[in-house]
Amino acid sequence: MARKQLANYHKHFLNDLLELLPVGVIIIDERGGTIHINSAAKRIWGDSGPAHPFWARVEMKSLPTGDRIDPSNLAVMRALINPDNPCDEELELVSGDGTYCVQNSAAPIRDPAGNIIAAVSVSR
């Protein structure tokens with residue numbers, strides 16, 4: 001297989017794999033832009049489309065405290081800024097579709113040199 005074909009094969013394989021997962025997976029770049037959001041994440045967070053952040057349609061509250069959470073303080077954003085601290089949270093999401101309780105975890109993604117290039121969030 002040619003190099004370009006192999007890269008395309010891996011991209012489709014990874015996309016298909018993420019779509020099969022029963023949990024929401026969101027991958028963002030180092031600036032907070034959405035790289036990928038699977039179908040389960042769209043069901044949890046709402047499908048706001050590629051032009052808007054995935055959290056645009058929901059109000060977020062901390063389940064333990066009830067405090068409103070600013071999007072810049074979500075676990076996935078914290079994973080970009082402070083990657084050495086655990087990024088787990090229990091959220092209450094309120095949208096037009098109802099209210100959901102979500103366990104959300106996030107971690108940074110690094111390039112071979114160790115630089116943070118993205119972050120991944122898993123929600124269930």
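Four salt bridges are found in this structure, and I should say at once that we are looking at a predicted model, so please take every distance I quote as computed from that model.

Let me begin with Arg-31, whose side chain meets that of Asp-29 in a salt bridge, with 3.3 Å from N to O. Arg-31 also forms a salt bridge with Glu-30, and here the closest N and O atoms are 3.2 Å apart. Taken together, salt bridges that share partners join Asp-29, Glu-30 and Arg-31 into one network.

What may interest this group is how the three members of that network stand with respect to solvent accessibility. Arg-31 is exposed, at a relative accessible area of 67%, whereas Asp-29 is buried, at 15%. Glu-30 has a relative accessibility of 43% and therefore counts as partly exposed, because the partly exposed class runs between the 20% limit for buried and the 50% limit for exposed.

Moving along the chain, I come to another of the salt bridges, the one between Arg-78 and Glu-89, in which the closest N and O atoms are 3.2 Å apart. This pair links distant parts of the chain, since Arg-78 belongs to helix H3, residues 75-81, while Glu-89 belongs to strand E4, residues 87-95, and the two residues are eleven apart. Arg-78 is partly exposed, with a relative accessible area of 23%, and Glu-89 is buried, with a value of 9%.

The last residue I would like to show you is Asn-38, which sits in the loop between strand E2, residues 34-37, and helix H2, residues 39-45. Is Asn-38 buried or exposed? Its relative accessibility is 0%, so Asn-38 counts as buried.

Which residues, then, is Asn-38 in contact with, once its neighbours within four places in sequence are left aside? The answer is Leu-18, Glu-19, Leu-21, Val-23, Gly-24 and Val-25. For Val-25 we can be more specific about the atoms, as a polar atom of the Asn-38 side chain lies 2.9 Å from the backbone nitrogen of Val-25.

To return to the pictures on the screen, I would ask you to keep two places in view: the network that joins Asp-29, Glu-30 and Arg-31, and the loop residue Asn-38 between strand E2 and helix H2.

Note on methods: Residues are numbered from 1 along each chain as its sequence is written. This is a predicted model: local features need pLDDT of at least 70, side-chain atom pairs count only at pLDDT 80 or more; totals for chains, interfaces and linings use all residues. Side-chain values use heavy atoms; hydrogens and water are left out. Buried means under 20% relative accessible area, exposed over 50%, partly exposed in between (1.4 Å probe, protein chains only). Helices (H or I, at least four residues) and strands (E, at least two) are DSSP runs, numbered from the N terminus. A polar contact is a pair of N or O atoms within 3.5 Å; within protein, one must be able to donate a hydrogen and the other to accept it, and residues adjacent in sequence count only if both atoms are side-chain atoms. Contact means heavy atoms within 4.5 Å.
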